[in-house]
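Please examine the sequence and the three-dimensional structure shown here before reading on. The paragraphs below explain how parts of the chain are arranged.

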Amino acid sequence: MALKRYRYRAYPTGGQVRMLARTFGSCRVVFNDFVIERQRLYRAGLHKDVSFAETARLVTTLAKQTPERAWLGEVSAVPLQQAVDDASRAYRNFFDSHTGKRKGRRMGMPSRKRRSHRQAARSTANARFKVLDTNGSRWGKVRLPKIGDVRFARSRDLPSAPSSVTVVLEPDGTYWVSFVVDEPTREAVPAVKVAALDLGLTDLAAVVSIDPEAGGTTREKVTNPKHLRAAQRRLSRQQRALSRKEKGSANRTKARIKVARTHRKVRDLRADHHHKLARRLVTNHDVLVLETLFLVGMGRTRLAKSVHDAGLGNLIRLITEKAESQGRTVLRIGQWEPTTQTCSVCGTPGGKKPLSIREWTCGGCQTRLDRDYNAAVNIMVAAGLAETLNACGPGVRRTLACAVGDEAGTHRSEAAA
Ligand SMILES: [Zn+2]
């Protein structure tokens, strides 16, 4: 396991800014009180008799009981504890570097923090801070005790629950939240079967699969089955009929019941289709890679209805649940990876493309690319599986991402060369 930092720009509200300012100020005060007290002990020759823990208690718990420092009780206690921990660590580093226990340059004696510096307040998991579940939204929220839910721009996903969060005010006036996450370290290329899915509206999913041990690759597009499409057509016909019936009439009631019945049927058929697809994918692969869809954002656009109809959120949930119960891994990549724009074969950026463009020729390597398969290969690479992909041999990207018919053309030109 390795500790990794994830930093996001934060946008606290006016009230939160005021509360954060008090927290920063309080952290600075206890840090400085700690430093002043240790300096006093040092000058008095008592620094070996009084432990850091005792000084920490003096400047936090005991200080709160005095009239001059009573206001320390108004902010969360954990950032204060972290501030004195920082101060004692600074002292330990100072002593260790002077006694030779610590390598590298000699550390200076810890000095007081000034207001003009970068301001920070750290909370650990025992402060019960919480990253709220805002899956699918470009905004994240972290709940901090005595401050509230602070909004941040979720430029990428957090891989797991963080062990600490630091709120930072930079000298330029910008706020940041920085999470520490314990991440499993990526070891040598695992010989596993991997599938990457590009979920869409035109087809339900484009799936590319690799099996590095067998050196094999497969790909498929999953569309909605015929009976589901037929039921969907019947539903829209019935809805049109319903809208033509007179309000309050018996015929309207009959039409409404018909629509409701077909609605349920469409829902059941779709759920069944999703269950079967999820089961098949999870059974046949060790790792599944999915894109985090911007479902909330899409729900506000013209595509809203199709997104709802395709039930992509439900499919993602089913895959995740089944994978969990069978011990398979699901990797989610961020929603801002340029999966549909870049050529997965050579990396040439192709620019934004409207949904109607289903295939195009890459200007870099001349591969005729299939939009969905190309996106699926990019999703696999974005999940950090480039090495696993490469293990399937050269040309694997082209085989997986090219449009139907391109392969033959490639062969001809290679034969001619
Ligand atoms: Zn290319």
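The explanation begins with the overall fold and then turns to particular helices, charged pairs and a metal site.

The structure is a predicted model. The protein has twelve helices and 14 strands. Of its 417 residues, 41% are buried. Sequence separation offers another view of the fold: among the contacts in the protein with a separation of 6 or more, 65% are between residues 24 or more positions apart.

Helix α1 supplies a starting point. This helix covers residues 14-43 and includes R28, and C27 also lies in helix α1. C27 has a relative accessible area of 5% and is therefore buried, since buried means under 20%. Leaving aside neighbours within four places in sequence, C27 is in contact with P79, L80, A83, A120 and A121. C27 and L72 are 45 residues apart along the chain, and their C-alpha atoms are separated by 8.9 Å.

The next residue to consider is R28. Is R28 paired with an opposite charge, or without a salt bridge? R28 is buried yet has no salt bridge, and D33, the nearest side chain of opposite charge, is 10 Å away. When neighbours within four places in sequence are left aside, the contacts of R28 are K113, R114, R115 and Q119.

Helix α2, formed by residues 52-62, shows how buried positions can be arranged around a helix. In α2, the residues F52, T55, A56, V59 and T60 are buried. Viewed down the axis of α2, these buried residues fall within an arc of 110°, so they line one face of the helix. They pack against α1 and α3.

Another buried position is found in helix α5, which spans residues 250-284 and contains L277. L277 counts as buried because its relative accessibility is 3%. Apart from neighbours within four places in sequence, L277 is in contact with L204, V222 and L315. L277 is also 8.5 Å from I319, C-alpha to C-alpha, although the two are 42 residues apart in sequence.

Charged side chains come next. Side chains of opposite charge can pair when their charged atoms come close. How many salt bridges are found in the whole structure? A search finds 14 salt bridges.

One of them joins the side chains of R7 and E170, with an N to O distance of 3.1 Å. R7 belongs to strand β1 (residues 2-11), whereas E170 is in the loop between β6 (164-169) and β7 (175-183), so this pair ties together parts that are 163 residues apart in sequence. The two partners can be described by their accessibility: R7 is partly exposed, with a relative accessible area of 35%, while E170 is buried, with a value of 17%.

A further salt bridge is formed by the side chains of D86 and R122, at 3.0 Å from N to O. This pair links distant parts of the chain, with D86 in helix α3 (residues 77-98) and R122 in strand β2 (residues 119-124), 36 residues apart. D86 counts as partly exposed because its relative accessibility is 27%.

The salt bridge between E321 and R317 has an N to O distance of 3.1 Å. Both residues lie in helix α8 (residues 312-325), and because they are four residues apart, about one helical turn separates them. E321 is partly exposed, with a relative accessible area of 41%, and R317 is partly exposed as well, with 42%. Elsewhere, salt bridges link K221, R358, D370 and D372 in a network.

The final site contains a zinc ion. Which residues provide its protein donors? The donors are the SG atoms of C343, C346, C362 and C365, which lie 2.2 to 2.3 Å from the zinc ion. Along the chain, these donors follow the spacing C-x2-C-x15-C-x2-C. The angles among the four donor atoms are 105 to 114°, and the site is tetrahedral. For comparison, the ideal angle at a metal with four tetrahedral donors is 109.5 degrees. Two of the donor residues can also be described by their accessibility: C343 counts as buried, at 3% relative accessibility, whereas C346 counts as partly exposed, at 37%.

Conventions:
Residues are numbered from 1 along each chain as its sequence is written. This is a predicted model: local features need pLDDT of at least 70, side-chain atom pairs count only at pLDDT 80 or more; totals for chains, interfaces and linings use all residues. Side-chain values use heavy atoms; hydrogens and water are left out. Donors are N, O and S atoms within 2.8 Å of the metal (3.2 Å for Na, K and Ca); water is not among the atoms, so sites may look incomplete. Four donors count as tetrahedral if all angles lie between 85 and 135 degrees; four count as square planar and six as octahedral if opposite donors are over 155 degrees apart and all others between 65 and 115; anything else is irregular. Buried means under 20% relative accessible area, exposed over 50%, partly exposed in between (1.4 Å probe, protein chains only). Helices (H or I, at least four residues) and strands (E, at least two) are DSSP runs, numbered from the N terminus. Lys and Arg count as positive and Asp and Glu as negative; His and the chain ends are not counted. A salt bridge is a side-chain nitrogen of Lys or Arg within 4 Å of a carboxyl oxygen of Asp or Glu. Contact means heavy atoms within 4.5 Å. The arc is that of the directions from the helix axis to the C-beta atoms.
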